[in-house]
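Work through the following exercises with the sequence and the model open side by side. Each task is followed by a solution that goes step by step.

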Amino acid sequence: MGKFVVRETGTGIKFDLKAGNGEVIATSEVYSTEASCMNGIESVKKNAPVAAVEDQTVDGYATEKNPKFEVYQDKAGEYRFRLTATNGQVIATGEGYKAKASCLNGVESVKKNAPDAEVEKQ
């Protein structure tokens, strides 16, 4: 089972969503307050399971409504995803993957792990 790990950074507070094996599958922006970070976690829990996948790596891709996972390639050619809430704000991002299939597995892992994940503060 996954868990959200909340930790302080030099500039604020952020969370990582970790899978049952301890791997980080998604991370947040840096929030200024713990309360806003907790709101971000609740937003991921609510939006991830129902979010469509918008594959921006194919020509003429269909634009999905928010909430959605946007799958794209970065400047280094790696595949990444970002989860946007109903208001269009990015609430979680994934790491870079060499293979698109691995990136899509990351999306599925967030969908599966986020809804019931416990929150742990470090």
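A residue is called buried when its relative accessible area is under 20%, exposed when it is over 50%, and partly exposed in between, with a 1.4 Å probe and protein chains only. Helices (H or I, at least four residues) and strands (E, at least two) are DSSP runs, numbered from the N terminus. The model is predicted, so that local features need pLDDT of at least 70 and side-chain atom pairs count only at pLDDT 80 or more, while totals for chains, interfaces and linings use all residues. Residues are numbered from 1 along each chain as its sequence is written, and side-chain values use heavy atoms, with hydrogens and water left out.

**Exercise 1. Check the length of helix α1, then find its buried residues and what covers them.**

Step 1. The expected span of a helix is 1.5 Å times one less than its number of residues. For the 14 residues of α1 (residues 34-47) this gives 20 Å, and because the end C-alpha atoms are 20 Å apart, the two values agree.

Step 2. The buried residues of α1 are Cys37, Gly40, Ile41, Ser43, Val44, Lys45 and Asn47. An α-helix has 3.6 residues a turn, so residues three or four places apart point the same way.

Step 3. Contact means heavy atoms within 4.5 Å. The cover over these buried residues includes strands β1 (3-8), β2 (13-18), β6 (79-84), β7 (90-93) and β8 (118-121).

**Exercise 2. Identify the residues that touch the most other members of the largest nonpolar core, and follow one of them outward.**

Step 1. A nonpolar core is a set of buried Ala, Val, Leu, Ile, Met, Phe, Trp, Tyr and Cys residues joined through side-chain atoms within 4.5 Å. The largest one has 28 residues, of which Val44, Phe81 and Val110 touch the most other members.

Step 2. Two or more residues each come from β1, β2, β3 (24-27), α1, β5 (68-73), β6, β7 and α2 (100-113).

Step 3. Beyond residues up to four places away in sequence, Val110 touches Leu17, Ile25, Ala26, Ala48, Phe69, Phe81 and Pro115.

**Exercise 3. Classify two of the aromatic pairs and say which parts of the chain they tie together.**

Step 1. Rings of Phe, Tyr and Trp (its six-membered ring) pair if their centres lie within 6.5 Å; planes under 30 degrees apart count as stacked, over 60 as edge-to-face and the rest as tilted. The structure holds three such pairs.

Step 2. The ring centres of Phe15 and Tyr31 are 6.4 Å apart and the planes are at 20°, so this pair is stacked. Because Phe15 lies in strand β2 and Tyr31 in the loop between β3 and α1, the pair ties together parts that are 16 residues apart in sequence. Both Phe15 and Tyr31 are buried.

Step 3. The rings of Phe69 and Phe81 have centres 5.9 Å apart and planes at 70°, so they are edge-to-face. Phe69 lies in strand β5 and Phe81 in strand β6, so this pair ties together parts 12 residues apart in sequence; both Phe69 and Phe81 are buried.

**Exercise 4. Describe the surroundings of Ser28.**

Step 1. Ser28 is found in the loop between β3 and α1, and its relative accessible area of 8% makes it buried.

Step 2. Not counting residues up to four places away in sequence, Ser28 touches Lys14, Phe15 and Ile91. A polar atom of the Ser28 side chain lies 2.9 Å from the backbone nitrogen of Phe15.

Terms used
A polar contact is a pair of N or O atoms within 3.5 Å; within protein, one must be able to donate a hydrogen and the other to accept it, and residues adjacent in sequence count only if both atoms are side-chain atoms.
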